[in-house]
Amino acid sequence: MPIQSSDVLIIGASASGLMCAIEAAKRGRSVQILDHANKAGKKILMSGGGRCNFTNYEVSAENYISHNPHFCKSALSRYTQWDFIGLVSDYKIPFHERDHGQLFCDDSAKDILTMLLSECAHAGVQIQLNCDISVVEKTSAAAFKLQTSCGHYQAESLVIASGGLSIPKMGATPFGYQIAKQFGHNVWPTSAGLVPFTLQTDDKSWVSKLSGVAIDCIVSNQHASFRENILLTHRGLSGPAILQISSYWQAGESVNINLLPDLEIGELLSQARAENANTLLKNVLAKHLPKRFITALLGEPLSDSPLQSLSQKKSQAIAQQIHQWQVKPNSTEGYRTAEVTLGGVDCDELSSKSMESSKISGLYFIGEVTDVTGWLGGYNFQWAWSSGWCAGQTV
Ligand SMILES: Cc1cc2nc3c(=O)[nH]c(=O)nc-3n(C[C@H](O)[C@H](O)[C@H](O)COP(=O)(O)OP(=O)(O)OC[C@H]3O[C@@H](n4cnc5c(N)ncnc54)[C@H](O)[C@@H]3O)c2cc1C
């Protein structure tokens, strides 16, 4: 079987792989992308509820989790959110800002994928889909050879852009981690990030009955704190604040939820009591939280109590329950629904400028396969664009 040769082989035809391919091809390198999926950029298409939160107005290293928190700085400063916004604007893709600087397409995530694919076509990038890779080896100082279901390939540079483990149904595989290990790299243990929590039976039984209720909260633990909505679901807790804190959560830990961050419950109750001591607790709280939620959280007898019957101690306990609702998740929904994978290829063994392996010359890791995980809010795509762009300047 003839070997198909190119300067650069990229595994993964999605966010980081396409960006790297565009940049390398613009430099005059011949670029071949291989992907086992039947379509390029499936995660781009499903992202941001179909509208792709493609970056954020405010991007800094603080929005990322990694064993090496400095690693992402170089790439993020070389190819910034403004560079990507410039590209999106060149293509006249309409977009809008949502809370916290998040940028979404007005129409469809398809616009972003179409833009990347047309840049690829323009630069002469070859994309082979439905391609299963069975063997990857480095046969000489300047050649990687791959055996695949579509034939044999060889190239001087090999870029791993195969993503993490989230949403196996969309084609996620541990391929990138396996290749890293094969070539002697350390891979930090992986886990699901930006993922809903499942609850212990006691909490689940009442939370599931309130499925659909959303509350603006501060959710925190000893590592991080986020103010956004939580969403009660039939499986447990979701919503942006929960997804964010899930990336900082370890099994067995609790998270703290301040259900009314703008109020002081102690004060609220004493004021209400001064106005009318016969008012029921649930009616005071119902001005700020859904009534069904109050009854479920505090229990019927307590929520039905008139304010005058509440001792000082009881009022304090209520305040604590509302300002510091302690939830001990049972687990998370796992990779099935996670938006990202925490952990991955150890950044200490990659060049922060080019993403090249410090162990194997010509081998590169970009995007989610690396141990760089962004917050919710367009940060994961920005990492894919920035790391892909940087590798594209060197491969
Ligand atoms: C539901 C959902 C919504 C999201 N929404 C957003 C959002 O709005 N904003 C944001 O910033 N981030 C979002 N993310 C995260 C974002 O999609 C990823 O971080 C980003 O796609 C990572 O890009 P990547 O190129 O590294 O990997 P991926 O996009 O995962 O691409 C990896 C590619 O490699 C291919 N591949 C995998 N294994 C193999 C193999 N063995 N052989 C050949 N090919 C292989 C896959 O088919 C895929 O095409 C979302 C994720 C999910 C799951």
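Trainee: What stands opposite Gln-4 in S10?

Mentor: Tyr-153 does, in this predicted model.

Trainee: How do you know that strand S1 and S10 pair?

Mentor: Two strands pair if DSSP finds at least two bridges between them. S1, residues 3-11, and S10 have 8 bridges, in the parallel sense. Therefore they count as paired.

Trainee: Which sense does the pairing of S9 and S10 have, parallel or antiparallel?

Mentor: Antiparallel, over 5 bridges. Lys-145 stands opposite Gln-154 in S10. A hairpin of 2 residues joins S9 to S10.

Trainee: What makes S10 and strand S20 a pair?

Mentor: They have 3 bridges, in the parallel sense. The cut-off is at least two, so they pair. Leu-158 has Leu-363 in S20 as its bridge partner.

Trainee: Why is S10 called largely enclosed by the rest of the structure?

Mentor: Buried means under 20% relative accessible area. In S10, residues 151-160, 7 of the 10 residues are buried, so the rest of the structure largely encloses this strand.

Trainee: What is the strand order in the open sheet of 7 strands?

Mentor: The order is S17-S16-S13-S14-S15-S12-S18, with antiparallel pairing.

Trainee: Why is one side of S17 and of S18 left without a neighbour in the sheet?

Mentor: Each stands at an edge and has a single partner strand, so one side has no neighbour in the sheet. On average, neighbouring strands of this sheet are turned by 40° against each other, direction ignored.

Trainee: How many bridges join S13 to S14?

Mentor: 7 bridges join these antiparallel strands. Ser-220 stands opposite Ser-225 in S14.

Trainee: Which helix lies across S16 and S17?

Mentor: Helix H13, residues 312-323, running at about 110° to S16.

Terms used: Residues numbered from 1 in each chain as written. Predicted model: local features only at pLDDT ≥ 70, side-chain atom pairs only at ≥ 80, totals over all residues. Heavy atoms only, no water. Buried < 20%, exposed > 50% of the residue type's maximum accessible area, 1.4 Å probe, protein only. Helix = DSSP H or I, 4+ residues; strand = E, 2+ residues; numbered from the N terminus. Axes fitted to C-alpha atoms, helices over the stretch in contact; angles between N-to-C directions. Contact = heavy atoms within 4.5 Å.
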